[in-house]
Amino acid sequence: MAKDLPVDRRFDAYQDFVLGCKLAWTRSLYPALRAHYAEAVAAADAPPASAADVAALLKDDPLNQYFGWFERHLQRMKYSGRHGLAPHFAAQRAELEDELAAGAESGILTLDPAFEQPAYYVAIDIHQHPGGVWSDEVAGYVYERGARTTTPLLEEDADLHHRFTREVMARATNPRRLVDLGCGFGKSSRPFYNKHRELDVTGVELSAPCLKLAARTAVQDQARNVRFRQADSADTGLEAGAYDVVTSTMVLHEMPPSHIERTIQESFRLLVPGGLSIHLDFLTDQDPFRRFIHYGHSARNNEPFMPPLNEMDLEGAHRRAGFETFEVVPFAEMPGTLDPAFTAWRFPWTMIIARKPA
Ligand SMILES: C[S@@+](CC[C@H](N)C(=O)[O-])C[C@H]1O[C@@H](n2cnc3c(N)ncnc32)[C@H](O)[C@@H]1O
């Protein structure tokens, strides 16, 4: 998405190494830990009923300790190590800021110079990203490159954003206008505006640096059907009753439940009668081991709102906002991930779907 930067083979090799380690963690360490857990359960007096029970059971297991240490430190290496993302892009600041100007001046981006970030948002370095995704002008580049080091690249159209776009468009009825809440650097908006040129797309996001990169990319794509706006998902300032679809990807788990509730109310306000609200996020099932892993990931990755999202009454929040229908549907981010035979670690991807009364 970003323009071609000078090749830095040491940086690329380092980031490839981190990705390779992460894949080993996902594909080898996770199933091995699951096997240790099964052995511990077989030897226990009673099966664990909660994530806390699993934590107690595995407390002294070296593999469990290694699993958590490795996850935490790989993420730290990715951002802050010798060839970490943050120093890498900071070293190219002047050039990147010039490049971002094209997005900022494109006319498709509305920034609010007096914008005040919500307190929850500035309180932590989300994902261990130094300064979060909002405080540094080059943060969008750091985030964009980091997203590529988290999961292996798939063919265009096969990645989770394209797959989710297809799920949304299959459920929407002749959509003309769509809002993408928490659009980040534009990755979740891009398949909508590029694959559906008839659709009018608005990306809403807190982070100005991410928005500038999103706008810059849309200019490169020569897209005329997208605009971006700096605003809170709980208070977008967009026109009421004017959008056929309100969507978000990986956003709800980054805010506290009170803010999620307000975001759901705002989604309802924005939609036309009969409009579709569809958020893609992470909800675990009742399995104590999977919950233990997910909550551990939340702590290790500086994403503290994963457990509260998982435990809040999402259906109640939607019905209180006025939605009539509500369903949660597991989402396959890659082919085969919902197959019971799939043993590697994965996020518990889930679509949260509601419709405004017609
Ligand atoms: C994990 S990222 C996902 C970005 C994008 N949707 C994607 O799929 O690549 C979550 C994004 O939500 C944004 N965000 C968090 N709270 C928000 C809020 N209250 N309003 C708007 N955006 C928010 C963050 O700045 C971040 O860019």
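Select His161 and the ligand in this predicted model. A polar side-chain atom of His161 lies 2.7 Å from an oxygen atom of the ligand. Next, add Glu205, which also places a polar side-chain atom by a ligand oxygen atom, at 2.5 Å. Then show the backbone of Thr249: one of its N or O atoms is 2.9 Å from a nitrogen atom of the ligand. With these three contacts on screen, turn on the ligand surface. Taken alone, the ligand exposes 600 Å², and the protein buries 99% of that area.

Now widen the selection to the shell. The ligand is surrounded by 21 residues. His161 and Glu205 are among the closest, together with Tyr121, Tyr143 and Gly182. Colour the shell by residue class: 10 of its residues are nonpolar, seven are polar and four are charged.

Colour by domain next. Which domains supply the shell around the ligand? Domain 1 (9-109 + 117-150) and domain 2 (160-355) each contribute at least three residues to the shell.

For the last stop, select residues 177-181, which form strand β2. Is this strand mostly covered or mostly uncovered? Four of the five residues in β2 are buried, so look for the strand under the surface by the definition of buried as under 20% relative accessible area. Extend the selection to residues 200-205, strand β3. The two strands, β2 and β3, run parallel and are joined by five bridges. To line them up, label Arg177 and find Asp200 of β3 standing opposite.

Note on methods
Residues numbered from 1 in each chain as written. Predicted model: local features only at pLDDT ≥ 70, side-chain atom pairs only at ≥ 80, totals over all residues. Heavy atoms only, no water. Near = heavy atom within 4 Å. Polar contact = N/O pair within 3.5 Å; in protein donor to acceptor, adjacent residues only side chain to side chain. Areas by Shrake-Rupley, 256 points an atom, 1.4 Å probe, with all protein chains shown as cover. Nonpolar A, V, L, I, M, F, W, Y, C, P; charged D, E, K, R; others polar. Domains from an automatic or database assignment. Buried < 20%, exposed > 50% of the residue type's maximum accessible area, 1.4 Å probe, protein only. Pairing = 2+ DSSP bridges.
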